[in-house]
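Here is a friendly walk through a two-chain complex, from overall form down to single residues. Have the viewer open as you read.

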Amino acid sequence: MIDLILKTALVLFMLAIALSLYRVIKGPSLPDRAIALDTIGVNLISAIAIVSIVLNTKAFLEAILILGILAFIGTIAFSKYIERGVIVERKSAD
Amino acid sequence: MIVVLSIVLPFLAAALIPFIYSRFKKVHLGWFVLVVPVVLFSILATYIPRVANGEVFVKTFEWIPSFGINITTYLDGLSMIFSLLITGVGSLVILYSIFYLSTKESLHHFYCYLLLFMGAMLGVVLSDNLMVLYVFWELTSVSSFLLIAFWHHRKASRAGARKAMTITVSGGVAMLAGFLMLYVASGTFSIREIVANLDVVQSSAYFVPAMCLVLLGAFTKSAQFPFHIWLPDAMEAPTPVSAYLHSATMVKAGIYLVARTTPIFGGHEVWFWAVSGVGLLTLFWGSFNAVKQFDLKALLAYSTISQLGLIMCLFGLGSAALHSGYSTESVIYTQATFAALFHLINHSTFKGALFMMVGIVDHEVGTRDIRRLGGLMSLMPFTFTIAVIGSASMAGLPPFNGFLSKEMFFTATLKITELDLFSLNSIGVLFPIIAWVASIFTFIYCVIIVMRTFFGKIQPDRLEKPPHEAPFGMLISPYILIAFVVGIFIFPNVLGHYILSPAMASIYPMFPSVEDMTPHIAAWHGYINTELIMTAGVILLGVLLYRVLKKWRPIYQLIPPSFTLNALYERVITSSENVSGRATNRYMNGNLTYYFVYIYVFFVALLAGYMIYADAFSWNPSKDSVIEPYELVLVFVMIMAAVAIIFAKQRITVVLLNGVLGYSVAFFFVVFRAPDLALTQLVVESVTTALFLLSFKYLPKLKNEYISKSWRFAKITISIAVGATVTLIGLAVMNYDRFEPISKYFEDSYNLAGGQNIVNTILGDFRAFDTMLEVVVLFIAGLGIYTLIKLKAKKGDADVESK
């Protein structure tokens with residue numbers, strides 16, 4: 001029973017990712033796409049968590065944490081790119 | 001031992017030349033060089049009596065014994081003739097060159113090349129091993145190339161050298177292939193052993209191909225039709241070189257090869273017709289073309305071609321004796337071979353003298369164009385004597401040695417018509433006729449040499465220097481040669497007995513008696529025979545035709561210049577350059593897309609083609625695990641993302657979609673229980689995305705390129721084919737279960753390596769070598785990026801690469 005619920009949840013998360021992918025592809029603006037990728041990352045965190053319950057293992061907790069950090073950093077990088085056009089700024093413009 | 005020395009000594013001397021040259025500036029370098037051939041000639045001459053008694057001298061040194069390649073020197077009658085010619089004419093030519101070349105020329109180069117050539121040529125004639133023979137053969141080509149282009153500041157010299165090199169080396173490579181076939185057929189590289197096991201070779205399927213390839217090498221080297229075109233162009237070399245290489249020695253290397261391989265191939269119909277037919281054609285064509293030349297050296301070049309054809313033809317006729325083995329009838333035909341060897345020596349004497357004569361004229365007058373020469377008889381009487389004797393001998397007049405060889409040649413051609421073999425009874429009658437016509441032309445050009453140079457009116461205003469007799473030193477060598485021309489006529493049987501009959505024994509090793517094959521040469525038989533009438537006809541018609549030369553000369557204009565063999569050669573060379581250039585430019589067009597197309601098409605054709613050919617594609621879903629619905633949805637997501645990348649309009653969309661793909665892959669790693677991979681994949685994916693974003697600043701916006709429909713279709717087809725190939729191979733590999741996986745071993749990682757994380761123990765312990773090198777890869781990449789960023793040229797700075 002629990003297994004069925006978990007699998008159903010996984011399918012739903014995947015559908016959410018699919019819908020986010022539609023946003024990534026369609027846009028129309030850049031921030032839309034960046035937010036959609038962020039959403040995909042968050043959905044993946046949840047999905048990995050459920051998979052670790054299904055597989056009954058603790059091995060993927062690091063992956064969840066890393067993904068959380070990376071999704072955040074990635075979104076920041078995109079935002080900065082959208083705002084400034086560059087990611088790493090230098091003090092003296094050459 | 002002495003035989004080996006004669007090969008090594010010239011090379012040794014060549015190596016020493018730079019030291020001698022820098023030490024003794026005042027003495028002409030030629031005097032030192034002269035010692036080498038004179039010493040060798042004297043040593044070899046002491047062997048004559050023992051070789052005449054049938055002794056052979058063999059000495060083997062191991063070179064590459066595992067391949068059967070040994071330096072085996074072999075001195076028999078045939079090698080004796082050639083090595084005496086090489087060292088003898090070599091001495092005379094070097095003596096002549098001392099007076100011909102001034103010390104202002106780069107003599108150290110000249111004599112170094114000449115000694116190289118001499119050593120290589122001795123190596124060719126004294127080697128028993130086919131591979132060693134080939135090595136020396138190519139060395140003669142190379143040194144001849146260097147000598148032709150001795151005055152390398154002249155364009156014609158360079159062109160002539162290139163042409164000679166191209167043609168002779170092409171033939172040499174063909175010959176190498178022939179030698180290798182002989183090796184396959186017989187299992188040995190040694191000529192003596194091949195001759196000893198003739199049955200094996202002659203029954204092999206490689207016999208005829210090997211014969212044709214070896215002949216190709218011989219014909220190119222000896223300037224036989226249609227490969228003779230390099231020889232007239234090689235006349236750009238200094239005259240001593242022309243006299244030595246292009247009349248007496250190198251062009252006879254092909255003759256030597258034919259003579260040496262006659263015991264192997266002779267007696268076969270193809271061999272008979274190829275050698276004698278090509279020889280006869282060359283004889284006619286060379287003499288016919290010599291008449292139209294205005295340059296004395298070109299005339300002599302064509303006459304050399306013609307005479308080489310004569311010798312070749314005689315060797316072909318002589319090989320008929322081998323067809324049915326030894327018998328009293330077949331021995332008659334060996335006399336053609338005897339005539340060939342006899343004329344070989346005669347030709348070297350008179351042609352060497354004639355070349356030296358032309359060199360003297362050129363040296364003292366400044367031109368060798370017969371339209372500008374004339375009336376030199378009274379001014380250069382000694383040179384005139386050389387010209388008359390040399391030309392008369394070449395034309396085949398008594399009392400010179402050319403007469404004897406010409407008579408023997410006519411005898412041989414007449415005899416061959418009686419042979420009921422190789423369909424000779426019908427076409428054979430052509431032999432004496434063509435030979436006779438060619439002799440008439442020979443007579444005409446010999447007359448031209450003498451008459452146009454020494455008779456008529458002198459034209460002082462058209463000469464570069466006031467004409468006067470040559471210095472004494474220059475005349476020594478040609479006089480020694482014409483002494484031989486006369487001497488051989490008077491005592492032909494001395495030569496026949498001591499030099500020629502041992503050589504006959506090496507050409508016909510299976511014939512029991514040498515005495516039968518050595519005819520007694522007599523200048524006057526005491527009766528009038530057909531040959532004598534033919535010679536009389538040659539003289540009569542020759543004089544007649546020379547008198548009316550102006551009338552029939554226009555027939556040479558019948559052949560337009562664009563139809564000559566030379567023009568054909570030029571056209572083949574230039575058009576092959578053009579075609580290959582165009583073909584290369586067509587496929588190497590600098591467009592990366594095309595190169596990818598080649599790679600992928602090749603990949604698909606080879607891999608998919610082989611898999612289909614071997615019927616290796618198989619798909620057996622019975623062992624597959626269950627596919628969960630959420631996996632299916634994610635696969636669908638990935639497919640959509642991947643397809644969307646192709647149609648994305650902005651770079652940033654591409655990067656985002658790529659990120660989606662990367663994260664999805666990480667999720668699959670999770671599902672397939674690979675936590676370490678998932679972690680790494682996530683980090684790497686994020687870093688890659690960030691790097692893409694970093695470089696965007698420097699990239700242009702994505703543009704819609706215009707691509708033609710067919711090209712687009714081709715690209716799509718190739719992409720699908722590559723994808724399908726990889727997928728099908730992946731599926732086929734799934735079913736590969738011939739061996740047990742070795743992962744069971746690693747599962748015991750805690751006991752074996754002290755770690756529970758099996759992936760990490762493999763990376764850090766079991767297979768740490770890979771890890772180390774991958775760290776190195778990352779290190780190199782980092783270093784590379786750092787240098788690319790740091791070492792870029794500043795504005796207006798020179799390019800780093802060109803510093």
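## Chain B: overall form

Chain B holds 34 helices and 2 strands. Its radius of gyration is 38 Å, well over the 28 Å that the globule rule gives for 803 residues, so chain B is more spread out than a compact globule. Along the principal axes, the C-alpha atoms of chain B fill a box of roughly 115 × 70 × 55 Å. Buried residues account for 49% of the 803 residues in this chain.

Please keep in mind that this is a predicted model. For chain B the mean pLDDT is 86, with 95% of its residues at 70 or more. The complex as a whole receives an ipTM of 0.89 and a pTM of 0.81 from the predictor. As a general caution, predicted coordinates should not be read in detail where pLDDT is low.

## Chain A: three helices

Chain A has 3 helices and 0 strands, so to speak an α-α-α run from the N terminus on. The radius of gyration of chain A is 17 Å, whereas a compact globule of 94 residues would have one near 12 Å. Its C-alpha atoms fill a box of roughly 60 × 30 × 10 Å along the principal axes, and 37% of the 94 residues are buried.

Within this chain, A:Ala36 is a good place to zoom in. A:Ala36 belongs to helix α2 and counts as buried, at 3% relative accessibility. The C-alpha atom of A:Ala36 is separated by 7.0 Å from that of A:Leu21, a residue 15 positions away along the chain.

## Salt bridges

How many salt bridges does a search of the whole structure find over all chains? The search finds 11. In general, side chains of opposite charge can pair when their charged atoms come close.

One of the bridges joins A:Asp3 and A:Lys7, with an N to O distance of 3.4 Å. These two residues are 4 apart in helix α1 (residues 2-26) of chain A, which means that about one helical turn separates them. A:Asp3 is partly exposed at 39% relative accessibility, while A:Lys7 is buried at 16%. A network of salt bridges links A:Asp3 and A:Lys7 with B:Glu628.

## Two bridges within chain B

B:Asp128 and B:Arg192 form a salt bridge whose closest N and O atoms are 3.4 Å apart. B:Asp128 sits in the loop between α5 (107-126) and α6 (130-148), and B:Arg192 in helix α8 (residues 191-196), so the pair ties together parts of chain B that are 64 residues apart in sequence. Which of the two partners is buried? B:Asp128 is, with a relative accessible area of 2%; B:Arg192 is partly exposed at 33%.

B:Arg368 and B:Asp295 also meet in a salt bridge, at 2.9 Å from N to O. B:Arg368 lies in the loop between α16 (334-365) and α17 (381-395), and B:Asp295 in the loop between α14 (269-290) and α15 (296-318); the pair therefore ties together parts of chain B that are 73 residues apart in sequence. B:Arg368 counts as buried at 18% relative accessibility, and B:Asp295 is partly exposed at 28%.

## A nonpolar surface patch

Residues of both chains contribute to a nonpolar surface patch of about 750 Å², made by A:Ile25, B:Val635, B:Phe636, B:Ile639, B:Met640, B:Val643, B:Ile646 and B:Phe647. Helix α27 (residues 629-647) of chain B provides the largest share, 7 residues. B:Val643 is placed in this helix and counts as partly exposed, at 39% relative accessibility.

## Backbone details and cysteines

Two residues that are not glycine have a positive phi: A:Asn56, at about 55°, and B:Arg673, at about 60°. A:Asn56 lies in the loop between α2 (30-55) and α3 (61-84) of chain A and is exposed, at 70% relative accessibility. B:Arg673 is in the loop between α28 (651-671) and α29 (675-695) of chain B and is likewise exposed, with a relative accessible area of 61%. Another backbone feature is the cis peptide bond from B:Phe225 to B:Pro226, with omega near -5°. B:Pro226 is found in the loop between α10 (207-221) and α11 (230-233) of chain B.

The count of disulfides comes to 0 over all chains. B:Cys446 is in no disulfide, and the nearest cysteine sulfur, that of B:Cys313, is 18 Å away. B:Cys446 is buried, at 2% relative accessibility.

How values were computed
Residues numbered from 1 in each chain as written. Chains lettered and ligands numbered in written order. Predicted model: local features only at pLDDT ≥ 70, side-chain atom pairs only at ≥ 80, totals over all residues. Heavy atoms only, no water. pLDDT = per-residue confidence, 0-100. Patch = residues over 30% accessible without salt bridge, like charges linked within 9 Å, V, L, I, M, F, W, Y side chains within 5 Å. Areas by Shrake-Rupley, 256 points an atom, 1.4 Å probe, with all protein chains shown as cover. Salt bridge = Lys/Arg side-chain N within 4 Å of Asp/Glu carboxyl O. Buried < 20%, exposed > 50% of the residue type's maximum accessible area, 1.4 Å probe, protein only. Disulfide = S-S within 2.5 Å. Rg over C-alpha atoms; globule rule 2.2 N^0.38 Å.
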